[in-house]
Amino acid sequence: MDATLHLAQQPEADELLGRSPLAALVGMLLDQQVPMEWAFAGPYTIAQRLAADDLDAHEIAQYEPEAFAALLSQKPAVHRYPGSMAKRIQQLCQYLVEHYDGDAAKVWEGVETGEELLRRLKELPGFGTQKAQIFLALLGKQLGARPNGWREAAGAYGEEQSFRSVADITGPESLAKVRAHKQEMKAAAKAAKTAKTPKASGR
C-alpha cells in the first residue's frame, strides 16, 4: 500500500496512513467523537510513543493493557477517551493476529467482491456497518482495493464525489465539503428529533 492521504492534515501522520494498512485501520477505528484530523493523527502518535516507524499488530496485541492505555493517555491524548480506545485498538490487533497473521492488508487483499469485503470489515472489533462502509469506500477511492461491486457495498459512501466521509477527502477543499455535509446531517437529525417531540399541553 502506497498512497498519498490527507486525513490527518499532518505530512508525517498522513505518510504513515498511506503506507501502513494497520495505521489506516486504527485511524478509522479512532474516528468517532473527535475531529477527523485528531483521529487519523493517532496512529502516528502511537508509533512515535512506541519508538517505531509503523504499528505492529503483534506488539500491540501483547502489550500490557494498563501500560498501553497510559501510552494513549499521555498529553496530548490520542483520543478524547484514550482508555476505552486503547482497549479497542488492542482488541482489533488481537483479532488481526488470530485471523490474518497480524497483517491488516490481508483483510482486503485478494477479496473478489465488495460484499465479501464489507463482511470482513464488519467482523473487525469496533467496526459497525457505517464504519465498515466508509473504510471500504476509502479503500476503493484512495487505496486501490476495488473488488467487484465495491461501490454498491459501500452504499452512499461509494458514490463518486459524494463528499460524505473521509473516503472523499483529498485536500482542504474536499475536507470543507465533507464538513459541510456532516453539519447538514446533524442539523437535519436535530430538526427531525424536535419535530417528533410532543409539545406539552397547556392548562
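Which helices each supply at least two residues of the lining of the largest pocket? Before I answer, a word on the source: this is a predicted model, in which local features need pLDDT of at least 70 and side-chain atom pairs count only at pLDDT 80 or more, while totals for chains, interfaces and linings use all residues. Residues are numbered from 1 along each chain as its sequence is written, and side-chain values use heavy atoms, with hydrogens and water left out.

The answer is helix H8, residues 129-142, and helix H10, residues 172-196, where a helix is a DSSP run of H or I with at least four residues, numbered from the N terminus. H10 gives the most to this lining, with eight residues. A pocket here is an open set of points, on a 1 Å grid over the protein atoms alone, where a 1.4 Å probe fits and protein lies on both sides within 12 Å along at least five of seven lines; lining residues have an atom within 4 Å of a point. Volume is the space filled by probe spheres set on the points, with grid points joined across faces, edges and corners.

By that reckoning the largest pocket has a volume of about 640 Å³, and of its 24 lining residues the closest to the centre are Asp-31, Val-34, Arg-164, Lys-182 and Lys-186. The lining divides into twelve nonpolar, six polar and six charged residues, with Ala, Val, Leu, Ile, Met, Phe, Trp, Tyr, Cys and Pro counted as nonpolar, Asp, Glu, Lys and Arg as charged, and the others, Gly among them, as polar.

The second largest pocket holds about 200 Å³ of space, and 13 residues line it, with Lys-141, Gln-161, Ala-167, Asp-168 and Thr-170 lying nearest its centre. Two or more residues come from each of H8 and helix H9, residues 150-153, and H8 provides the largest share, three residues. By class, this second lining has three nonpolar, five polar and five charged residues.

Two of the residues just named, Lys-141 and Asp-168, also meet through their side chains in a salt bridge, at 2.7 Å from N to O; the term means a side-chain nitrogen of Lys or Arg within 4 Å of a carboxyl oxygen of Asp or Glu. Because Lys-141 lies in H8 and Asp-168 in the loop between H9 and H10, the pair ties together parts that are 27 residues apart in sequence. Asp-168 is buried, with a relative accessible area of 8%; buried means under 20%, exposed over 50%, and partly exposed in between, using a 1.4 Å probe and protein chains only.

How many salt bridges does a search of the whole structure find? It finds six. Another joins Arg-19 and Glu-15, at 2.8 Å from N to O, and these two are four residues apart in helix H1, residues 11-19, and so separated by about one helical turn. Arg-19 is partly exposed at 30% relative accessible area, and Glu-15 is partly exposed at 42%. In helix H7, residues 114-123, Glu-116 and Arg-119 are three residues apart, again about one helical turn, and their side chains meet at 2.7 Å, N to O. Glu-116 and Arg-119 also belong to a network of salt bridges with Arg-120 and Glu-123.

Turning to the interior, the largest nonpolar core has 69 residues, and those with the most contacts inside it are Ile-46, Ile-89 and Phe-135; such a core is a set of buried Ala, Val, Leu, Ile, Met, Phe, Trp, Tyr and Cys residues joined through side-chain atoms within 4.5 Å. Leaving aside neighbours within four places in sequence, Phe-135 is in contact with Ala-24, Leu-25, Met-28, Trp-108, Leu-121 and Phe-127, contact meaning heavy atoms within 4.5 Å. In general, nonpolar side chains in soluble globular proteins tend to be buried together. The buried residues of H1, which are Ala-13, Asp-14, Leu-16, Leu-17 and Gly-18, pack against helix H2, residues 21-30, and helix H3, residues 36-49.

Finally, some points about the backbone. Most residues other than glycine have a negative phi, and most peptide bonds are trans. The peptide bond from Lys-75 to Pro-76, however, is cis, with omega near -5°, and Pro-76 sits in the loop between H5 and helix H6, residues 82-100. Gln-9, in the segment before H1, has a positive phi of about 60° although it is not a glycine. Asp-101, in the loop between H6 and H7, has a positive phi of about 55°, and Asp-101 is exposed, with a relative accessible area of 55%.
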